Amino acid sequence: MKAITVKEFGGPEVLRLEEVPDLIPGRHQVLVRVEAAGVNPVDTYIYSGNYTPKPILPYTPGRDGAGVVAALGLGVKKVKKDTRVYVESAATGTFARFCLVDASHVHPLPANVTFAQGAALGVPYATAHQALFGKAKAQKGETVLVHGASGGVGIAAVQLALAAKLKVIGTAGSGQGLQLVKEQGAHHVLNHKDPAYLEGLKEITGGKGVDITLEMAAHVNLGRDLPLLAPHGRVVVIGSRGPVEINARDLMGRDASILGMTLFNVTPAEKAKIHEDLIKGLKAKTMKPVIGKELPLDQAAEAHRLIMQSGAFGKVVLVP
Ligand code: NAP
């Protein structure tokens, strides 16, 4: 079968399409014919060799995908052959014609959801869910600033927050990104490339400040996120690409908190609940993953260059 194979760590140029041996599902595993694979920033960190744990070379990247169940390993009762599914935490990479997944990481894909949309669920929606509800314990009526709302996690966060009846302020750095966030139903949109974009934020919240900030770029924003918080406000650090300076006094007077998170730390019980909620949201159509670009598998390197540039517009997926 065809698969992207990484033989050395480096930039996107290390992603090469090759012929590799077919896969056979082991005990409790499912073989999925991949129809779309989600491209996430974490893939770039992993194949750069700067992420722990490092994969053993050669390997096929990709954690998220959607497709059809092609074969079942021994002991699999949860899923049936030929059903449409989305997968998260694939055991072998999803940037391939087929992948192997533990049966507990395979979820039914409702009929109203495309394969490309299914490939946008695993990391982005589960992360947004965990940040909003698992970490920030968001409550109906609270205000959330989605700081970086135009990308995979941001769009998911906007949709999940609106469905939970929060007031949503979303930021983006391009005209098309701002338009996309507005179209999702965000109550206010702000351009994080405008030097004065945070000035009106207190006013938007009636002088109270934001209850929750979901931060995609803490290395840029964390220091100025804190004075914008309401009493008992919470910042959840989802993304950060370097060190940042903060004034801890901005936390004290507000009884505010900074919460870090990584999806890799979610427990199996939390994960099961997250995916139960996501499937409900898909069926209820409160969640509609936005696909910005679909590229063929042999353009995996280009797809990764794209997601690391500014001007995000929903999700980039690869189609084998
Ligand atoms: P993405 O699709 O590439 O989107 C990146 C987002 O960050 C876009 O909305 C982008 O806006 C925005 N952004 C860029 N510069 C910004 C700034 N100065 N201030 C605020 N926002 C800014 O990536 P993603 O999949 O949504 O992931 C977002 C981040 O979270 C990445 O760093 C990723 O590694 C991390 N992440 C962490 C976890 C975890 O478990 N902790 C899970 C998933 C993702 P424009 O392009 O419009 O400027």
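What follows is a chat about how some labels in this predicted model are earned.

Visitor: What should I know about the model before we start?
Guide: It's a predicted model, where local features need pLDDT of at least 70, side-chain atom pairs count only at pLDDT 80 or more, and totals for chains, interfaces and linings use all residues. Residues are numbered from 1 along each chain as its sequence is written, and side-chain values use heavy atoms, with hydrogens and water left out.

Visitor: Why is the pair Tyr45 and Tyr51 called stacked?
Guide: A search of the whole structure turns up two aromatic pairs. In the one made by Tyr45 and Tyr51, the centres are 6.3 Å apart, with 25° between the planes. Rings of Phe, Tyr and Trp (its six-membered ring) pair if their centres lie within 6.5 Å; planes under 30 degrees apart count as stacked, over 60 as edge-to-face and the rest as tilted. Both values pass, so Tyr45 and Tyr51 are a stacked pair. Tyr45, Tyr51 and Phe264 also form one aromatic cluster.

Visitor: What makes Tyr45 and Tyr51 partly exposed?
Guide: Buried means under 20% relative accessible area, exposed over 50%, and partly exposed in between (1.4 Å probe, protein chains only). Tyr45 has 29%, so it's partly exposed. Tyr51 has 22%, and therefore gets that label too.

Visitor: How do you know that Arg84 sits over the ring of Phe115?
Guide: For a charge over a ring, NZ of Lys or CZ of Arg must be within 6 Å of the ring centre and within 35 degrees of the ring normal. Arg84 lies over the face of Phe115, 4.7 Å from the ring centre, so the distance fits the rule.

Visitor: Which residues come nearest to the ligand?
Guide: Of the 28 residues around the ligand, those are Tyr45, Ser150, His192, Leu263 and Gly311. To count as near, a residue needs a heavy atom within 4 Å of the molecule.

Visitor: What makes the approach of Tyr45 to the ligand a polar contact?
Guide: A polar contact is a pair of N or O atoms within 3.5 Å (within protein, one must be able to donate a hydrogen and the other to accept it, and residues adjacent in sequence count only if both atoms are side-chain atoms). A side-chain N or O atom of Tyr45 is 2.4 Å from a ligand oxygen, so that qualifies. The backbone joins in as well: a polar backbone atom of Gly151 is 3.2 Å from a ligand oxygen, and for Gly152 a backbone N or O atom lies 2.9 Å from one.

Visitor: How much of the ligand does the protein bury?
Guide: Taken alone, the ligand exposes 920 Å², and the protein buries 86% of that. As for what the shell is made of, it divides into 14 nonpolar residues, 13 polar and one charged.

Visitor: Why is His28 worth a look, and is it buried or exposed?
Guide: His28 has a positive phi of about 65° although it is not a glycine. It's found in the loop between strand 2 (16-19) and strand 3 (29-38). Its relative accessibility is 38%, which means it falls in between and counts as partly exposed.

Visitor: Where are the cis peptide bonds at Pro53 and Pro58?
Guide: Pro53 and Pro58 are both in the loop between helix 1 and strand 4. The bond from Thr52 to Pro53 has omega near 0°, while the one joining Leu57 and Pro58 has omega of about -10°.

Technical notes. Accessible areas come from the Shrake-Rupley method with a 1.4 Å probe; for residues, only the protein chains shown count as cover. Ala, Val, Leu, Ile, Met, Phe, Trp, Tyr, Cys and Pro count as nonpolar, Asp, Glu, Lys and Arg as charged, and the others, Gly among them, as polar. Helices (H or I, at least four residues) and strands (E, at least two) are DSSP runs, numbered from the N terminus.
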